[in-house]
Each structure stands twice: as structure tokens, then as C-alpha cells.
Amino acid sequence: MNKAKRYSPEVRERAVRLLFEHEKDYRSRWAAVVSIASKIGCTPETLRAWVRRVEIDTGRRDGMTSEDRARLRALEKENKELRRANEILKTASAFFAQAELDRKLKR
């Protein structure tokens, strides 16, 4: 399988900026995307996704911003860790409660 290419933030910013600056020179946005993507060396779909992300992050388009996504991801991770810790505490509590009952019965 081919490994996905990683593009530097500078390349992404440049490609998106080029699209915004020269979009009016093409008959459609897709034509501009295809042309600029071939010059940058990425696929048109990759460039289109970069443009959508920038539009969402700058408020030009509705959607969840990158900052909100990162915050949500962090909260989900924290929630998962807290649920795990809670399960450990429940198990430990049950263990010690059973040990206390066993100790009282042996007297």
C-alpha cells in the first residue's frame, strides 16, 4: 500500500491562498482546485479538503472548527480515562467490602 503523503503547513497555506486569489480566473471552483492541485503536487480532493477546513476555521462555512475538534477529542479522552478509573474504584471497593465481610465471619 502507498503511504499517504504529508504536506507541510506552508504548502497547505500556499495552496489555499493560491486558490482564494485565483478562483475568479477559472470557470468554476473545481476547475481552480484541479489546476492548482496539479501545480502543488497533491490530489484535487486533498486541496478541496484543505480549503473546506480553512473556510470552517475562518467562519466562512458552517461546521466544527479545528480548535473545537481538538477540545472535543481531549474531553472524550478525559471522559474515557475517568470512566476507567471509576470502574477500577468500583472493583476495588467491592473487593474490600467482600474482604471485610469475610473477616467478620471468621471471628
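Which residues does Arg 60 touch, not counting residues up to four places away in sequence? In this predicted model, the answer is Phe 20 and Glu 55. Before coming back to that corner of the chain, it helps to look at the overall layout.

The fold is simple to describe: the protein chain has four helices and zero strands, giving the pattern α-α-α-α when read along the sequence. The radius of gyration is 26 Å, while the globule rule gives 13 Å for 107 residues, so the protein chain is more spread out than a compact globule. The C-alpha trace tells its own part of the story, spanning about 90 × 35 × 20 Å along the principal axes. As for burial, 17% of the 107 residues count as buried. Among contacts in the protein chain with a separation of 6 or more, 35% are accounted for by residues 24 or more positions apart.

On the outside, the accessible surface of the protein chain amounts to about 9,100 Å², and carbon and sulfur atoms own 54% of that. Charge is plentiful on paper too: there are 27 positive and 17 negative side chains, and the centres of the two sets lie 5 Å apart.

Now for the inside. The largest nonpolar core has 13 residues, and those with the most contacts inside it are Leu 19, Cys 42, Leu 47 and Trp 50. Helix H1 (9–22), helix H2 (29–40) and helix H3 (44–58) are the elements that give two or more residues to this core. H2 supplies the largest share, with five residues. Leu 47 gives a good view of the packing. Leaving aside residues up to four places away in sequence, Leu 47 touches Ala 15, Val 16, Val 33, Ile 36, Ala 37 and Cys 42. Of these partners, Cys 42 is also listed with Leu 47 among the core residues with the most contacts.

That leaves Arg 60, the residue raised at the start. Arg 60 sits in the loop between H3 and helix H4 (66–106). Is Arg 60 buried or exposed? With a relative accessible area of 56%, Arg 60 is exposed, the cut-off for that label being over 50%. Its contacts with Phe 20 and Glu 55 are therefore made by a residue that counts as exposed. A second arginine offers a distance for reference: Arg 29 is 31 residues away from Arg 60 along the chain, and the C-alpha atoms of the two are separated by 15 Å.

How values were computed. Residues are numbered from 1 along each chain as its sequence is written. This is a predicted model: local features need pLDDT of at least 70, side-chain atom pairs count only at pLDDT 80 or more; totals for chains, interfaces and linings use all residues. Side-chain values use heavy atoms; hydrogens and water are left out. The radius of gyration is taken over C-alpha atoms; the globule rule is 2.2 Å times the number of residues to the power 0.38. Buried means under 20% relative accessible area, exposed over 50%, partly exposed in between (1.4 Å probe, protein chains only). Contact means heavy atoms within 4.5 Å. Accessible areas come from the Shrake-Rupley method with a 1.4 Å probe; for residues, only the protein chains shown count as cover. Lys and Arg count as positive and Asp and Glu as negative; His and the chain ends are not counted. The place of a charge is taken as NZ of Lys, CZ of Arg, CG of Asp or CD of Glu. A nonpolar core is a set of buried Ala, Val, Leu, Ile, Met, Phe, Trp, Tyr and Cys residues joined through side-chain atoms within 4.5 Å.
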